[in-house]
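Please open the model in your viewer and display it as a cartoon with the chains coloured separately. The tour below proceeds by selection, one stop after another.

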Protein chains: 4
Amino acid sequence: MVNAPADPNWEAKVRNSFARQGAMATIGARLSHVAPGEVDIEIDRTPAVQQQHGYVHGGVVGMIADSAGGYAGFSMMPAGSTVLTVEYKMNLMNPADGARIVARGRVVKPGRTLVVCQVDVYSIKEGSERHCALMTQTLLTVAGKSDDLQV
Amino acid sequence: MVNAPADPNWEAKVRNSFARQGAMATIGARLSHVAPGEVDIEIDRTPAVQQQHGYVHGGVVGMIADSAGGYAGFSMMPAGSTVLTVEYKMNLMNPADGARIVARGRVVKPGRTLVVCQVDVYSIKEGSERHCALMTQTLLTVAGKSDDLQV
Amino acid sequence: MVNAPADPNWEAKVRNSFARQGAMATIGARLSHVAPGEVDIEIDRTPAVQQQHGYVHGGVVGMIADSAGGYAGFSMMPAGSTVLTVEYKMNLMNPADGARIVARGRVVKPGRTLVVCQVDVYSIKEGSERHCALMTQTLLTVAGKSDDLQV
Amino acid sequence: MVNAPADPNWEAKVRNSFARQGAMATIGARLSHVAPGEVDIEIDRTPAVQQQHGYVHGGVVGMIADSAGGYAGFSMMPAGSTVLTVEYKMNLMNPADGARIVARGRVVKPGRTLVVCQVDVYSIKEGSERHCALMTQTLLTVAGKSDDLQV
């Protein structure tokens, strides 16, 4: 479904961009899988990312899902461009109550301007996985803007 | 559009629940407005919440928007119940590049089981506001489950 | 992922309910697959369902997708209940330009109150299929209300 | 919020495009308001557009909402371009049980490439209006493609 990446530097650019996201460090997120059109991001369920019941906050689940989809899409974009999230929709289906939460972003429709991704989020507890959220996301390829440009 | 809250303790329960969310403390979020069916949450654009270009991370915008809508809805729910986000959809329309970002959650449709909220997010820079994101959110009233129950 | 239907009459109730939807007849939609948690609905690309470029109207794609997901969910609901769509989100990824358009609804998360479905829509042209839209949908089980109650 | 339309022919192009949508005629939809960045579309609740309970089918509500938003956006697009719906999300909040259903589409964020609209749908019964659905929609400006091009 996903062809070869247009940018030979696809893996390094994803890893470098992720490393520059202060927000990902703040919640303890790590890249656990990077392939063409596929990126997984995971976190541990520490108190710093919990909501009032002790589950991982739905907004934090959204953060790692948004980044997993965004980088899955970015891996397929041409050199010299950056990525913006246009919109996403997330259904929270089961509590994020595992020791570890992983968001798996996959490109569904790679387009020149717009890229559509789906992200499945799993809660991992004692070795078994439970599907806790799903996201559909639209990304924009911003041509002619470097990914390391600062505001 | 929004009637009187069913729970006379509505304000305290919102403030107490927010205070128990480790994830909100982690990103430096604060409650800046609490009224029946209306909650605003804001953050400063510090490096801890930024993405690679220095804007506030879209996922962090989603976190404060999700909480603002969630607490707007929770303020209208009966005593002895808690709130779950069923799903939300967010459009990111302008970069979150202000010094301060505020998410304003409002109940659109208060129902017994389901509550629909809209959240508008503004980027505030040198006193002027720019509409940077909008969210539509579906919440579930979970009856018979205390909001301070721990996982 | 999907267990046995709670209602032994699941297939007949889906077919009967579909037959009572005037809107489905109006656009020429037909049920092409009915299984527990799975419903496909298809239409032909006639002028009556086209938009200005001659593709099937995005709203018509939404109609068959909404019904395919709704009936997939309804097939799993207990006897004596009916189904309401709470919300859905659809991405239109490729033009619906085939001779035939099929929407395949599948239950992703069967819950007692809420059911989450995903629907994939394909455009079929000279025997080959193209993924043209995807929908994520939240349904509500309305207990104690017959599906054939009239307004 | 919405500036002057870029295309002096904005009103005629909206009306002409609507008139070419067979799907709108099929469900008896009519344009009831056309202004820069604003389009209303309405239908009567006839059997041809109903679901099993006699309400207007959620998919038909989605059709008129999608078109209302799409034409609100199209009214602001430059000459020589056409419009595509990228995605939309709709919450169905109250039954569409009025004699007449009207969808009011408004441009929220007019961009060069992407346009974001919100659409509010009202059910009108004996002169009073009830908010029955809301949609948020992302549109794509397709430059260099005439709106009356046929597939």
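Select C:Asp44 and, in E4(C), the residue that stands opposite, C:Arg100. The model in view is a predicted one. Now extend the selection to strand E2 (residues 38-44) and strand E4 (residues 100-110) of chain C: these run antiparallel and are joined by seven bridges.

Next, select helix H1 (residues 10-19) of chain C, which packs on the sheet and touches E1 and E2 of that chain. The direction of this helix makes about 165° with that of E1(C). Turn then to chain D, where helix H1 (residues 10-19) packs on the sheet, touching E1 and strand E2 (38-44), with an angle of about 165° to E1(D).

Display the sheet as a whole. Its twelve strands form an open sheet with antiparallel pairing, in the order E1(C)-E2(C)-E4(C)-E5(C)-E6(C)-E3(C)-E3(D)-E6(D)-E5(D)-E4(D)-E2(D)-E1(D). At the edges stand strand E1 (30-35) of chain C and strand E1 (30-35) of chain D; each has a single partner strand, so one side of each is left without a neighbour in the sheet.

Move to chains A and B. Select strand E3 (residues 81-92) of chain A together with E3(B); they pair in the antiparallel sense over five bridges. Within E3(B), B:Lys89 stands opposite A:Lys89.

Finally, select the contact between these chains, to which chain A and chain B contribute 38 residues each. On the side of chain B that touches chain A, helix H2 (22-26), helix H3 (58-74) and strand E3 (81-92) each supply at least two residues. The largest share, eight residues, comes from E3(B). Coloured by class, this side of chain B shows 14 nonpolar, 17 polar and seven charged residues.

Methods
Residues are numbered from 1 along each chain as its sequence is written. Chains are lettered from A and ligands numbered from 1 in the order in which they are written. This is a predicted model: local features need pLDDT of at least 70, side-chain atom pairs count only at pLDDT 80 or more; totals for chains, interfaces and linings use all residues. Two residues are in contact if their C-beta atoms, placed from the backbone, lie within 7 Å. Helices (H or I, at least four residues) and strands (E, at least two) are DSSP runs, numbered from the N terminus. Ala, Val, Leu, Ile, Met, Phe, Trp, Tyr, Cys and Pro count as nonpolar, Asp, Glu, Lys and Arg as charged, and the others, Gly among them, as polar. Two strands pair if DSSP finds at least two bridges between them. Axes are lines fitted to C-alpha atoms, for helices over the stretch in contact, and angles run from 0 to 180 degrees between N-to-C directions.
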